Every structure is written in C-alpha cells, then in structure tokens.
Amino acid sequence: MKTQVCIIGGGPAGLLLGHLLHAEGIACVVLERHTAAHILARIRAGVLEQVTVGLMERLGLDARMKAEGLPHGGFNLADGERLIHIDVAALTGKQVMVYGQTEITRDLMDASDERGLQVVYGAQDVALHDIDSDAPYVTYAIEGVRQRVDCRFIAGCDGFHGPSRKAVPARVSKEFERVYPFGWLGILADVAPCNHELIYANHERGFALASMRSATRSRYYIDVPLTEKVEDWPDDRLWDELAIRLGPDAAANMTRGPSIEKSIAPLRSFVFAPMRHGSLLLCGDSAHIVPPTGAKGLNLAASDVHYAAHALTAFFGRNDAEAIGAYSDRALARVWKAERFSWSLTRLMHRFPEDGPFERAMQVAELDYIASSQAAQTSIAENYVGLPV
Ligand code: RFL
Ligand code: PHB
C-alpha cells in the first residue's frame with residue numbers, strides 16, 4: 001500500500017491526527033495493534049482543555065460532547081480541613097470540559113467509518129524502516145500475512161510502549177524521566193458525584209481525587225504504594241479510605257456503589273527529545289508522560305496533533321518543509337510547561353516516602369498561600385485550563 005502519512009497507533013492522538021489529515025485531503029492510514037473494543041475498555045482521562053474541545057469542534061465531531069459533557073468553571077484543592085476553590089472561569093475567562101477519553105475515542109471511531117478514514121485494527125509486529133530517508137515504510141502483519149505501507153511521513157502515536165520512539169537512534173535523542181514511588185488506584189462507579197466540581201485532596205493519609213464522567217457516573221482515585229495490588233482494595237475498603245481523605249463534607253455527600261472498573265496506574269514524568277527525527281513525528285504518550293494530577297496527558301496529545309497536522313498540511317499543501325523542521329521545538333515548548341505544572345501539583349498534593357515534618361509543613365504553607373492569594377490561584381487556574389497553543 002502507498003499513502004502520504006502512516007499513523008501508528010489508534011488511540012486519541014492517532015485518530016485525531018488521522019481525521020485532521022483526512023479532512024485536508026492528505027492520504028493516511030492508521031495502524032492499531034488492538035481491537036476497537038479493547039481500546040474502548042480502557043478508562044483514562046476525564047478532563048478536556050479547550051485545545052482538545054477545539055479539535056473536535058474543527059472536525060465537526062463535537063455534538064455528543066456538547067450534549068453530554070459537563071463544562072466546569074472551577075475545581076477544588078483540599079488540605080484535610082477545608083476546600084480551596086479555584087474559580088477557573090473568573091480567573092481566566094475559560095472552562096474545561098468533563099468528557100471521558102473513552103467517549104472522545106468512540107466519537108472518533110464512529111466517524112472513521114462514516115468518513116472513510118482507514119484504520120487497520122489487529123496490526124501485529126508493526127516496524128518502522130528508513131525513517132532517515134524521504135521514503136520511509138512500515139511493515140506489519142494481519143493474521144500472519146506480512147504487509148507493507150510506503151509513505152512520506154510516519155506519525156508515531158503509539159503510546160509509551162509502542163515501537164516509534166524506539167526507532168529514533170540513541171545518539172540523536174535524550175530522555176528525561178522521574179518515576180514516582182506511588183500509583184493511583186482508580187474506581188469507576190454508577191453513582192452520583194459527591195461534588196459538582198473536582199476535588200484534589202492532600203490528607204495526612206495521602207492523596208485523593210473526586211472526579212466524574214456524568215451526573216450518574218463517578219470516578220475516584222487514591223494514591224497507593226506501588227507494592228499494593230487491586231485485590232488488596234475491596235470496594236468497601238476503598239470507599240472508607242476515600243471518605244477519610246476527601247474530608248467530612250465530601251464524605252457526607254458521597255454515594256457508594258459497586259465498582260465497574262478498578263485499576264492501579266503508575267505515575268511517571270517523561271520527556272523524549274527531539275519529537276521529530278527524519279520522516280518520523282512523535283505525538284502524545286509516545287514522546288512524553290505526565291502524572292495525571294494536572295489532567296494534562298490527553299490534552300498534550302491533542303496539542304501535539306494540532307502542531308503535527310499544521311506541519312504536515314503545510315508540507316503537502318505548500319511544499320513547506322520548514323514547518324516540519326519546527327514541529328519538535330513547537331510541541332516541546334508546550335510539553336515542558338505542562339510537565340512542570342503536573343510535577344508541581346503532584347509534589348504539592350502527595351505524601352512522598354522521604355518527606356518529613358519539614359516537607360509536610362511546606363505543603364501546608366503552600367496550600368495556605370494559595371488559599372489567600374489571587375495571584376497564586378490565577379497561576380494554577382491558567383495552567384489547569386491549558387496554556388495557549
Ligand atoms: P494511547 O492512548 O496510549 O494510544 C496509543 C495507541 O497505540 C497503540 N499501540 C500500537 N499500535 C500498533 N502497533 C504497536 N506496536 C502499538 N503499540 C501501541 C495502543 O494500542 C494505543 O491504542 O496514547 P495517545 O493516543 O498518545 O493518548 C494519550 C492519552 O491516552 C493519555 O495521555 C491520557 O489518558 C492520560 N490521562 C489523562 N490525560 C488528560 O488529559 N486528562 C486526564 O484527566 C487524564 N487522566 C490519564 C488520566 C491516564 C491515566 N492512565 C491510566 C494512564 C487518568 C489515568 C488513570
Ligand atoms: C479523571 O476523571 O479520570 C481525572 C480527572 C482529573 C485528573 C485525572 C483524572 O487530574
């Protein structure tokens with residue numbers, strides 16, 4: 001097969017990029033290792049910045065998001081005693097949208113069929129070749145039969161564990177990494193949320209987050225040591241712990257119910273540079289990971305895709321190779337700011353094993369400062385709602 005852009009990975013980054021290129025008349029194919037059902041079973045992001053909402057609007061795929069998503073004009077930080085309300089709308093004039101990654105992915109998948117975006121599910125042994133050249137190609141297998149896609153560019157949208165990043169030679173690249181000593185144990189349940197806005201809590205016993213997917217579906221998290229297993233946390237134990245960490249007011253409004261999903265996700269900060277090598281552009285989790293505390297992962301994937309689609313459109317439309325050359329620096333400038341915000345909010349809201357009374361006092365003092373300073377709240381709000389693309 002011959003195409004202009006071969007996209008590896010059919011998660012949100014790959015599908016968004018595929019639709020944007022397809023809408024510009026650029027030939028592309030998406031190669032995804034798993035089935036569509038497998039991808040839709042993954043419960044991940046819940047909070048969308050304007051950049052992500054804007055891409056869905058541009059594609060004309062925002063109808064369900066506008067009907068079912070929940071616009072949020074603020075969120076709360078809790079320090080064990082009080083809620084510190086961050087009034088994002090008043091401080092920035094913008095809002096975030098609570099609409100699950102699962103739903104965005106479903107909307108993009110449905111539109112692929114309708115619009116004729118070619119997505120190959122079950123693509124095995126995907127491998128990248130000749131990325132240093134102007135004529136790279138990708139090989140894969142479907143039911144044991146070897147296939148080859150010749151293209152002008154490869155977009156590596158294959159997440160943290162995919163083959164794209166590994167195709168970039170170590171001599172031209174650099175990795176920056178911080179692995180955290182805890183993971184987030186998440187529970188999804190068909191119960192009403194305990195609060196109309198999200199609550200991020202730093203309690204003596206650890207972190208907790210009250211989030212939601214809809215008026216009848218809640219998503220909660222606590223941090224746990226990496227040695228713990230999901231089996232250690234029957235639903236009742238998890239609800240009890242959430243009630244303590246979120247504080248008495250949230251606990252009083254918290255409805256318990258059976259988990260429909262429960263899993264532990266490790267926390268990591270990771271950046272790979274550059275995000276382009278030769279004819280390969282990396283987008284999303286294949287190039288960077290943030291701890292989920294800032295709700296930035298999916299939104300960074302969307303901003304990468306925004307820059308990548310711009311560069312590829314300039315290349316195929318106007319033979320503008322400079323835009324391709326500028327892609328990595330443009331994307332990384334935004335990535336590093338989101339890494340900083342995600343790292344600092346993680347540092348502020350979690351108990352680290354090495355922390356003593358001094359570090360705890362620093363967290364309490366910082367939360368106290370945020371509670372009393374509009375300047376501090378504005379800084380948090382503008383980062384949370386998303387820096388400009
Ligand atoms: P994905 O979603 O991992 O998709 C990559 C796709 O590539 C496929 N793939 C391959 N395909 C072909 N051949 C191979 N060899 C392949 N290897 C892999 C995979 O099957 C997959 O379908 O990456 P993408 O598209 O870059 O999207 C990134 C987001 O998924 C991720 O950043 C967010 O989910 C992170 N995240 C959050 N982000 C937010 O913006 N807001 C949030 O509120 C938020 N909450 C979260 C999160 C992530 C979480 N977990 C579980 C990691 C909460 C959690 C708990
Ligand atoms: C979620 O609802 O899954 C969620 C919300 C906010 C975060 C992380 C995850 O910061």
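Is C6 buried or exposed? I looked this up before anything else. C6 is buried, with a relative accessible area of 0%. The model I am reading is a predicted one.

**Entry: cysteines**

I went on to ask which cysteine sulfur is closest to that of C6. It belongs to C151, and the gap is 5.2 Å, too far for a bond. A disulfide needs two cysteine sulfur atoms within 2.5 Å, and by this rule I count zero disulfides. I also checked C194, which is buried at a relative accessible area of 6%.

C283 got a longer look. I found C283 in the loop between β19 (280–282) and β20 (288–289). C283 is buried, with 1% relative accessible area. I listed what C283 touches, leaving aside neighbours within four places in sequence: A13, G156, C157, D304, V305, A308 and Y327. I then took the distance from C283 to G257, which is 26 residues away along the chain. Their C-alpha atoms are separated by 37 Å.

**Entry: the whole chain**

I stepped back to the overall picture. I noted twelve helices and 20 strands in the protein. The C-alpha trace spans about 60 × 40 × 40 Å along its principal axes.

Does the radius of gyration fit, and what value should I expect? For 389 residues, a compact globule would have a radius of gyration near 21 Å. The protein has 21 Å, so the two agree.

I looked up burial for the whole protein as well. Buried residues make up 54% of the 389. The exposed surface comes to about 16200 Å², and carbon and sulfur atoms supply 52% of that area. For contacts with a separation of 6 or more, I noted that 71% are between residues 24 or more positions apart.

**Entry: two helices**

I checked the span of α6, residues 101–115. Its 15 residues should span 21 Å at 1.5 Å a residue, and the end C-alpha atoms are 21 Å apart, so the span agrees. Which residues of α6 are buried? I wrote down Q101, T102, I104, T105, D107, L108, M109, A111 and S112. Just after α6, G116 has a positive phi of about 75°.

I did the same for α9, residues 297–318. This helix has 22 residues and reaches 31 Å from first C-alpha to last, close to the 32 Å expected at 1.5 Å a residue. N319, just after α9, takes a positive phi of about 60°.

**Entry: T3**

I turned to T3, in the segment before β1 (5–8). T3 counts as buried, because its relative accessibility is 12% and the cut-off for buried is under 20%.

What lies beside the side chain of T3? I found a polar atom of that side chain 3.1 Å from the backbone oxygen of A27. The backbone nitrogen of C28 is 3.2 Å from a polar atom of the T3 side chain. Leaving aside neighbours within four places in sequence, T3 is in contact with A27, C28, V29, V149, D150, C151 and R152. C151 is also the residue whose sulfur is closest to that of C6.

**Entry: loops and backbone angles**

I looked at D130, in the loop between β9 (124–129) and β10 (137–142). Its phi is near 55°, a positive value in a residue other than glycine. D130 counts as partly exposed, at 47% relative accessibility.

I then read off E143, which lies in the loop between β10 and β11 (145–150). E143 is not a glycine, yet its phi is positive, at about 50°. Is E143 buried or exposed? E143 counts as exposed, at 80% relative accessibility.

Last, I checked the peptide bond from A273 to P274. This bond is cis, with omega near 0°. P274 lies in the loop between β17 (259–273) and β18 (276–277).

Definitions and conventions
Residues numbered from 1 in each chain as written. Chains lettered and ligands numbered in written order. Predicted model: local features only at pLDDT ≥ 70, side-chain atom pairs only at ≥ 80, totals over all residues. Heavy atoms only, no water. Buried < 20%, exposed > 50% of the residue type's maximum accessible area, 1.4 Å probe, protein only. Helix = DSSP H or I, 4+ residues; strand = E, 2+ residues; numbered from the N terminus. Expected span 1.5 Å × (residues − 1). Rg over C-alpha atoms; globule rule 2.2 N^0.38 Å. Contact = heavy atoms within 4.5 Å. Areas by Shrake-Rupley, 256 points an atom, 1.4 Å probe, with all protein chains shown as cover. Polar contact = N/O pair within 3.5 Å; in protein donor to acceptor, adjacent residues only side chain to side chain.
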